[in-house]
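Good morning, everyone, and thank you for making time for this. Please have a look at the structure on the screen, and then I will walk you through a few of its parts.

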Amino acid sequence: MPDALLARAAHQKPDASLNPFKRGSPLTLERDEHLATIEAIHSGLAGLNYISNKQIATAVFLAYHLDKPVLIEGPPGVGKTELAKSVANMLDITCIRLQCYEGLDESKAIYEWKYGKQLLYTQVLKETLGEILDGAKGLTESVAKLHEFGDVFFSEEFLEPRPLMKALKEEAGCVLLIDEVDKSDHEFESLLLEMLSDYQLSIPEIGTIKANPDRKPLVFLTSNNTREISDALKRRCLHLYIPFPDADLESQIVQARVPEVPAELRRQLVTFIQALREMDLKKVPAISETIDWAKALILLHTESLDAELVKQTLNVILKFQEDIESVTGEVQMLTNKALKSS
Amino acid sequence: MEKTIVDFVKVLRTAEVKVSPAETLDVMAAIEFVGYEDRLLFKNTLSMLLAKNPEEKETFETCFEKFFTFDDVMKAPVSGGSPDESQDSDAFEDENAGNNPQGQPGGKGSGQGGGQGSAADAEDPEDDDQATPAPTSALGQLLLQGTRSDLMVSMAEAGRAVEVNQIVVFTQKGLYTRKIMDQMGLKGLQEEISQRQEAADRGEQRLAGKLKRARDQLRDQVRDYVEKQFFLHADEHGKQLREELLKKVKLSNLEKRNHKDVQEIVFKMAKKLVSIHSKRRKTHKRGQLDIRKTLRHNMQYDGIFFDLKWKSVKVDRPKVMCICDVSGSVSNYSRFLLMFLYSLAEIIPKVRSFAFSSDLGEVTRLFQNSNLEDAMAKTMRDYGNGSTDYGQMFEDFKRNCMDDVDNKTTIIILGDARNNHGDPKSEILREMYEKSKRVIWLNPEPRSNWLVGDAEMKKYSPNCHQTEVCNSLTHLERVVSNLLKYAA
């Protein structure tokens with residue numbers, strides 16, 4: 001009787017999900033600790049040099065507790081992909097990445113049959129066929145005998161798992177990063193729906209493959225907004241928008257990523273970048289460019305910004321000749337401003 | 001609180017944030033984890049679950065601030081405070097006794113501070129034989145003894161009971177203010193005030209004065225509350241009504257002051273079309289083997305061809321040439337057609353536009369490089385004067401652009417076909433008809449006028465694949481949508 005009760009309790013998922021420590025088996029405790037509160041996530045990520053803000057930490061918190069994927073949008077270079085990688089690092093689980101591109105289909109995203117292996121095996125087994133069919137009289141009997149062996153060639157041994165299926169099969173849980181969904185075709189988006197809402201995939205020959213219910217993968221999708229993601233996909237996700245950081249946050253990020261930069265220079269370069277973002281440019285510099293620039297300045301043994309140096313290193317932060325030309329004229333003014341602010 | 005969330009979702013929907021019931025459920029589940037205590041956390045959570053693109057996030061921001069803010073009401077001091085010689089415990093019990101038996105007449109909600117009705121006046125102030133008077137009507141007690149948040153809750157409950165979110169026009173403000181006051185138990189309070197005023201005791205009279213002041217203050221607060229609700233619920237509603245109207249109105253009747261609104265609507269419609277048609281379709285040419293692809297794909301199977309690949313073609317985005325009559329009578333239509341086409345740049349990148357009244361000129365560059373208003377004004381200046389001459393237009397087109405027309409081009413001609421009895425040159429249109437994929441003629445006049453007077457539609461329409469009446473935004477939307485649908 002108690003066993004039956006237990007079994008029933010295990011099935012009552014909604015109740016279980018109310019308990020923040022539902023994954024409370026001893027093995028998972030550490031993981032839960034990392035994700036128990038928003039502050040824990042924030043500091044955990046900060047420990048890995050990923051400076052999050054409250055919204056980002058909340059998103060990770062909710063993603064874990066509600067079992068929902070997170071759709072991250074924002075301009076390029078603000079750390080969308082990095083977030084997924086850092087979360088995987090923090091929890092010390094594998095990060096499985098699926099890079100989307102036009103033409104990506106299920107055989108590359110979910111699974112594929114190992115045709116070569118299947119062919120090879122049929123060749124090898126041709127000889128043994130005689131033994132199996134030994135004694136069978138007539139066609140019907142032979143076929144019946146063959147049926148006893150089931151669909152050996154369509155079993156999991158012959159299945160080549162691709163990222164989505166790998167993520168489901170990861171017993172210890174994992175972070176699944178579906179990068180740049182907006183680059184994929186519409187068909188692929190619909191393909192993701194089953195995976196995202198139920199953490200399962202259906203393979204006609206085998207059946208449904210489900211994720212370990214206690215260790216569902218944490219899914220992050222990133223999008224650069226080159227096209228609108230369909231409502232069906234959006235509905236299943238938490239939507240996190242990461243904008244460019246304000247000066248304060250950016251300064252912290254630079255400090256975490258390039259600790260060698262002296263405080264003075266850091267303030268100057270952050271002010272400079274922030275001013276650039278105000279300008280009308282084809283592509284404004286993102287955080288990754290700020291970090292690259294900081295590294296470059298360190299290599300050049302820079303103590304403090306000056307107009308000449310900025311002009312020479314502009315190509316690190318601006319990626320269009322057009323932008324570089326329009327900024328060059330303003331460099332003196334911008335540099336002075338940055339110097340004054342510190 | 002569930003009710004509040006549902007109300008909030010309703011507000012979001014009126015503000016054009018698409019929220020599905022499933023998302024509402026998600027919010028409920030999420031709140032189990034995050035709670036209500038931390039406002040920022042609560043807001044972030046809701047924002048993540050309900051608003052799913054940058055524009056929606058912005059709308060969400062304003063809605064959230066309007067909906068969940070009671071700060072200014074909380075700040076307003078309730079004058080009087082507690083009675084002079086307070087008997088706190090006594091009064092508290094009194095209040096509880098007064099509140100408990102009464103339910104909300106509307107039967108909605110069961111907030112802790114709510115539940116006053118006019119039934120309160122059953123407790124007659126006369127049997128108040130204490131030396132120091134305390135207010136006895138429920139509202140009076142709430143005003144003088146309750147906390148501000150109690151008062152707020154009570155006000156919100158009353159607002160819900162009288163369905164203040166149904167408010168439609170600004171003039172209803174007074175009505176709803178009174179309704180809410182009534183719901184909160186104004187009648188009981190009034191009676192108490194008048195009774196106390198008549199009483200001889202000075203303490204009684206002082207209390208009456210205090211109650212009166214509190215009542216007036218409350219009225220201001222309620223009015224404020226109703227106003228906020230109006231902006232929350234009705235403002236967007238009114239806007240929607242206006243938009244519906246503008247969509248149907250004849251474009252030539254639009255006044256200049258409406259142009260901005262219309263432009264907004266056009267962008268919205270265009271956005272909808274973009275999201276519907278942004279998917280690039282492929283058609284398979286059945287039966288044509290793509291040898292290159294098949295070879296490449298079957299290499300993994302030892303070169304045995306058992307997974308065949310067929311040739312397919314991507315459906316091309318339509319190539320549009322748009323010829324617009326910009327003479328006085330039709331210019332407004334041209335303006336919005338062009339506006340529409342250029343808002344669709346994402347899905348129809350190849351639009352070439354021409355303007356004419358007599359001489360034809362290409363204005364593609366103008367529209368790509370400057371904003372719509374400027375481009376339109378310049379077009380009008382350069383091409384807008386002169387009497388319409390379709391024959392001249394066709395000749396110009398033949399001379400300059402006929403070579404660029406191929407079987408993928410859709411030509412849209414917008415004009416009333418009133419040629420001032422000149423030579424219609426319909427043979428050139430015939431040539432365009434044969435060379436292009438489609439020729440669509442949009443005529444702002446009703447079909448019955450197409451053959452009247454100097455209109456040449458009779459000669460032109462056999463040389464068009466499609467002729468349409470087009471004089472409102474709805475028509476325009478239909479035309480453009482069809483254009484995209486049949487682009488194959």
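**A walk through two chains**

Let me begin with one residue in a loop: Lys425(B) is buried, with 21 other C-beta atoms within 10 Å, where buried means that 20 or more other C-beta atoms lie within 10 Å of a residue's own, exposed means 12 or fewer, and partly exposed is in between, with C-beta atoms placed from the backbone. What we are looking at is a predicted model, in which local features need pLDDT of at least 70 and side-chain atom pairs count only at pLDDT 80 or more, while totals for chains, interfaces and linings use all residues. Residues are numbered from 1 along each chain as its sequence is written, and chains are lettered from A and ligands numbered from 1 in the order in which they are written.

Lys425(B) sits in the loop between strand 6 and helix 18 of chain B, and its phi is near 50°, a positive value in a residue other than glycine. When I say helix or strand, I mean DSSP runs, numbered from the N terminus, of H or I over at least four residues for helices and of E over at least two for strands. The loop between strand 6 (409-414) and helix 18 (426-435) of chain B also holds Arg418(B), which is buried, with 22 other C-beta atoms within 10 Å. Arg418(B) and Ala455(B) are 37 residues apart in sequence, and yet from C-alpha to C-alpha they are 4.2 Å apart in space. If we leave aside neighbours within four places in sequence, Arg418(B) is in contact with Thr388(B), Gly453(B), Asp454(B) and Ala455(B), and contact here means that two C-beta atoms, placed from the backbone, lie within 7 Å.

Let us follow chain B onward. From strand 6 the chain crosses through helix 18 to strand 7 of chain B, in a β-α-β crossover that is right-handed, which is to say that, with the strands pointing away from the viewer, the path from the first strand over the helix to the second runs clockwise. Strand 6 and strand 7 of chain B pair in the parallel sense over five bridges, where pairing requires that DSSP finds at least two bridges between two strands. In this pairing Ile411(B) stands opposite Val439(B). Strand 7 of chain B also runs parallel to strand 8 (residues 466-469) of chain B, joined by four bridges, and there Trp441(B) has Thr467(B) as its bridge partner.

How many of the six residues of strand 7 of chain B are buried? Six of the six are, so this strand (residues 438-443) is largely enclosed by the rest of the structure. On one side we find Arg438(B), Ile440(B) and Leu442(B), and on the other Val439(B), Trp441(B) and Asn443(B).

Now let us turn to chain A, which has 18 helices and nine strands. In chain A an open sheet of five strands has the order 2-5-8-1-9, with parallel pairing. Strand 2 (95-99) and strand 9 (238-241) of chain A each have a single partner strand and stand at the edges, so one side of each is left without a neighbour in the sheet. At one edge, strand 2 pairs with strand 5 (residues 175-179) of chain A over five bridges in the parallel sense, and Leu98(A) stands opposite Ile178(A). At the other, strand 1 and strand 9 of chain A pair over four parallel bridges, with Ile72(A) opposite Leu240(A).

Strand 9 of chain A deserves another look, as Leu238(A) and Leu240(A) point one way from it and His239(A) and Tyr241(A) the other way, and all are buried. Leu238(A) and Leu240(A) are also among the residues with the most contacts inside the largest nonpolar core, which has 96 residues; such a core is a set of buried Ala, Val, Leu, Ile, Met, Phe, Trp, Tyr and Cys residues joined through C-beta atoms within 7 Å. Helix 5 (residues 54-66) of chain A gives the most to this core, with eight residues.

Finally, where the chains meet, the contact takes 23 residues from chain A and 25 residues from chain B. Helix 5 of chain A gives the most to the side of chain A that touches chain B, with seven residues.
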